[in-house]
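Let's look at a protein model together and ask how its labels are earned. Take a moment with the picture, and then we will go through the reasoning step by step.

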Amino acid sequence: MNKPQSWEARADEYSLYGFTDLPSVHKRGAVVLTHGEGPYVVDVNGRRYLDANSGLWNMVAGFDHKGLAEAAKAQYDKFPGYHAFFGRMSDQTVMLSEKLVEVSPFPNGKVFYTNSGSEANDTMVKMLWFLHASEGNPQKRKILTRVNAYHGVTVVSASMTGKPYNEVFGLPLDGFIHLTCPHYWRNGEEGETEDEFTARMARELEETIEREGADTIAGFFAEPVMGAGGVIPPSSGYFQAILPILKKHDIPMISDEVICGFGRTGNTWGCQTYDFTPDAIISSKNLTAGLFPMGAVILGPDLSERLQAAIEKIEEFPHGFTASGHPVGCAIALKAIDVVMNEGLADNVQRLAPRMEAGLRAIMDRSDHIGELRGIGFMWALEAVKDKATKTPFDGDLSVSERIANTCTDLGLICRPLGQSIVLCPPFVLTEDQMDEMFDKLEQALNKVFAEVA
Ligand SMILES: *Cc1c(COP(=O)(O)O)cnc(C)c1O
């Protein structure tokens, strides 16, 4: 039997692609990468791409950060692996928990580690179910999230995710309720102001709680800015409108900061950018600047105390992953937090975010087919429309955003198609020149594709 020869054919033959548009990959072949330089990645044919997606939002320090690699190597030499069961854990794990609570918005708190963002959300749900049952409310199990939310792919986190593609798995599970996505541009009604729209979102929440019964709802999860939903910042005053309702009904609010955490919105946390205090934070992706699979649940003071009391009652929290709190992951995370916060990366986001917004806005203004620019910090999306005035989308069969992203790839720029939008979330190390390269290539691709389809 002949084995396939090219990298693309070998990828096709033996790998099952996840979250990949198969028609595109069948036509074009997979891009097989060997290494990176700053915000660029390089493929097996030596082609360089500016990765305006930071890998998958997470490689915020670029693809060859020496200090991070050295922290990993040093820890691999010293103590290359351990778990966090049976009252044992590595010194790095102790230090990272301390650090995470210190940089969190919580005066006191506790940290629990997982290997991914999905597992961190799953863990949080189990914590809530366990906590409520322990407090005499075993029926308090329903989970509220929003349409378009992305919370992961495990059975529970996929049920929290508000995307229609989960129907192929027979998900969501019962008891996972999706509220309206607070996207004013798309979901606002004729003549409705943004403040009225926000008030409607808050009313929907309150009506849902009253209909279902507050005593059946375990928690509410939200990303400060929806990421994989297409970079959707909340409508004005959204969190200020919903938090008091959740509080009144004793429903914990969990901020899924897997994308927003550690600098993406310009501050350490998205909840700081949008000025609210959640009951817990979910972190992953940027936590290790993408160098190690790791997630964390960071509990605020109230949930920490209540969960601790619930655990004391049964003497043991029966949950954990073999690699929870892995010493190498923790050492990398400690270094990543230092790099992002103290080596100028978060500052670079703050400094260049207005420039990024202005450049993208200029591209939108020159185009007849970009209906909305939305985002904050270093996370932005341009929404393609057939008609700007009526916001009419292009026919789905045209696969406009896939074509734009594929054309960008041909030009040496990686960006992501999401629905009918193009998402740009570059590494925090991006320079002004590299930003201009991103603008140029993106605009070339937009012009080419819109000329073909419009
Ligand atoms: C990526 C993501 C997750 C899931 O993280 P994984 O590590 O892929 O499991 C959860 N929540 C948000 C907001 C994410 O962006």
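**How the labels are earned**

Q: Which residues does M226 touch in this predicted model, leaving aside its neighbours within four places in sequence?
A: M226 is in contact with R146, V147, N148, A149, C181, P182, V231, I232 and M379. M226 itself lies in the loop between β7 (217–222) and α10 (238–248).

Q: Why does M226 count as buried?
A: Buried means under 20% relative accessible area. M226 has a relative accessibility of 1%, so it counts as buried.

Q: What makes α4 and α13 roughly antiparallel to each other?
A: The axes of helix α4 (residues 66–78) and helix α13 (residues 327–342) cross at roughly 150° and come within 9 Å. Angles over 145 degrees count as roughly antiparallel, and therefore α4 and α13 earn that description.

Q: Which residues make the contact between α4 and α13?
A: From α4 come G67, L68, A71, A72, Q75 and Y76, and from α13 come P327, V328, A331, I332, K335 and A336. Sorted by kind, the residues of this contact are nine nonpolar, two polar and one charged.

Q: How do you know that β14 pairs with β15?
A: Two strands pair if there are at least two bridges between them. Three bridges join β14 to β15 (residues 421–424), and the two run antiparallel. Here R416 stands opposite V423 in β15.

Q: What makes β11 and β14 edge strands?
A: The open sheet has the order β11-β12-β15-β14. β11 (370–376) and β14 (416–418) each pair on one side only.

Note on methods. Residues are numbered from 1 along each chain as its sequence is written. This is a predicted model: local features need pLDDT of at least 70, side-chain atom pairs count only at pLDDT 80 or more; totals for chains, interfaces and linings use all residues. Side-chain values use heavy atoms; hydrogens and water are left out. Helices (H or I, at least four residues) and strands (E, at least two) are DSSP runs, numbered from the N terminus. Buried means under 20% relative accessible area, exposed over 50%, partly exposed in between (1.4 Å probe, protein chains only). Contact means heavy atoms within 4.5 Å. Axes are lines fitted to C-alpha atoms, for helices over the stretch in contact, and angles run from 0 to 180 degrees between N-to-C directions. Angles under 35 degrees count as roughly parallel, over 145 as roughly antiparallel, 65 to 115 as roughly perpendicular and the rest as oblique. Ala, Val, Leu, Ile, Met, Phe, Trp, Tyr, Cys and Pro count as nonpolar, Asp, Glu, Lys and Arg as charged, and the others, Gly among them, as polar.
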